[in-house]
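Here are a few exercises to work through with the model open beside you. Try each task before reading its solution.

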Amino acid sequence: MPFARLATATTPTCHIGLGLAAVGRPGYINLGRENDLGEQRTVEALRARTHELLDAAYAQGVRYFDAARSYGRSEEFLADWLNHNPGRNDVVIGSKWGYTYTADWTTDAEQHEVKDHGLATYERQRAETADLLGDHLDLYQIHSVTPDSPALTDKELHARLAEAAAQGLTVGFSTSGPAQADAIRAALAVTVDGEPLFRTVQSTYNALETSAAPALAEAHDAGLTVIVKEGMANGRLAQPHAPDALQAVAAETSLGCDAVALALILRQPWAGVVLSGAATLGQLASNLHAAVVDLDEDQLTRLATLVEEPQAYWAKRGSLPWH
């Protein structure tokens, strides 16, 4: 397991990773994006921004970096950074397949990405990822598995993924939607030649959406590394959008709402890596303070009131516009 490398790290931020969804393409659904990125969203501008974030994250102890085929040019930007920093061989690199980026570097495309979990898409995107990341790639995840995903039942796909695992690649999956727990449990049951196929799971979990927690605990107990994404709920838990209860707790800690929101996840015993989706150096620095936030029982009780029903949470997420 490549995540064993993180066990030897001594920095308080070693369990925080950097996800590149917000900076690998000009359009995304995070709130406040128009202020974060401004008008400079050329390929070279976002390449430079990504490299600045990677440099800063690495300097502050972050060692897991997460991309995807559908995150615009995130794999390309990450590969460039890795190739220009050959000595940084203590990082863990993950990417995902299953969505194809279709926005052609615009923010107003009718469709930004197309989902397909078929074997042909895996083979095509695996080759594309290999061309960019090569031996740097540690983890390859099926992107956004839901209970009805054919990736859960396609035996031929499972065999191909097992072949990749036998060659040293860690195979995982991510989840999305109100039935994340069902998808996680179905994936845990997938085996090849009697052995579990998946070694990691990446799921949405935050102060507003906690429904996957029991299934993530089961995955952790089964030996999978749990990666948490969307800890900021696409900006809903950051200033100025954060709920009053979160703002109050943040004021008490003298840190940002984002640090408190991420700290709430880090304290979960099953959370292996919690992703920052920072788009600016300031956001990254604030996010990393999560590693030193200490929350008392009263604060935890107040934050627990923020939880939404999964259907309501995902309906809200689905209504967020691409900026």
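**Exercise 1.** Find what share of the protein chain is buried, and decide how its compactness compares with the globule rule.

*Solution.* In this predicted model, buried residues account for 55% of the 323 residues in the protein chain. Next, count the secondary structure: the chain has 13 helices and 12 strands. Its radius of gyration is 18 Å, close to the 20 Å from the globule rule for 323 residues, so the chain is as compact as a globular protein of that length. Finally, take the contacts between residues at least 6 apart in sequence: 79% of them join residues at least 24 apart.

**Exercise 2.** Work out how helix α5 is oriented relative to helix α6, and list the residues that meet.

*Solution.* Start with the axes of α5 (residues 119-133) and α6 (residues 155-166), which come within 9 Å and cross at roughly 25°. Angles under 35 degrees count as roughly parallel, so α5 is roughly parallel to α6. Now the contact itself: Leu119, Tyr122 and Glu123 of α5 meet Glu156, Leu157, Arg160, Leu161 and Ala164 of α6. Sorted by type, these residues are 5 nonpolar, no polar and 3 charged.

**Exercise 3.** Is glutamate 252 buried, partly exposed or exposed, and which residues does glutamate 252 touch?

*Solution.* First locate glutamate 252 in helix α9 (residues 244-253). Its relative accessibility is 43%, and therefore glutamate 252 counts as partly exposed. Leaving out residues up to four places away in sequence, glutamate 252 touches Gln299 and Arg302. With arginine 302, the contact includes a side-chain to side-chain polar contact at 2.9 Å.

Definitions and conventions: Residues are numbered from 1 along each chain as its sequence is written. This is a predicted model: local features need pLDDT of at least 70, side-chain atom pairs count only at pLDDT 80 or more; totals for chains, interfaces and linings use all residues. Side-chain values use heavy atoms; hydrogens and water are left out. Axes are lines fitted to C-alpha atoms, for helices over the stretch in contact, and angles run from 0 to 180 degrees between N-to-C directions. Helices (H or I, at least four residues) and strands (E, at least two) are DSSP runs, numbered from the N terminus. Angles under 35 degrees count as roughly parallel, over 145 as roughly antiparallel, 65 to 115 as roughly perpendicular and the rest as oblique. Contact means heavy atoms within 4.5 Å. Ala, Val, Leu, Ile, Met, Phe, Trp, Tyr, Cys and Pro count as nonpolar, Asp, Glu, Lys and Arg as charged, and the others, Gly among them, as polar. Buried means under 20% relative accessible area, exposed over 50%, partly exposed in between (1.4 Å probe, protein chains only). A polar contact is a pair of N or O atoms within 3.5 Å; within protein, one must be able to donate a hydrogen and the other to accept it, and residues adjacent in sequence count only if both atoms are side-chain atoms. The radius of gyration is taken over C-alpha atoms; the globule rule is 2.2 Å times the number of residues to the power 0.38.
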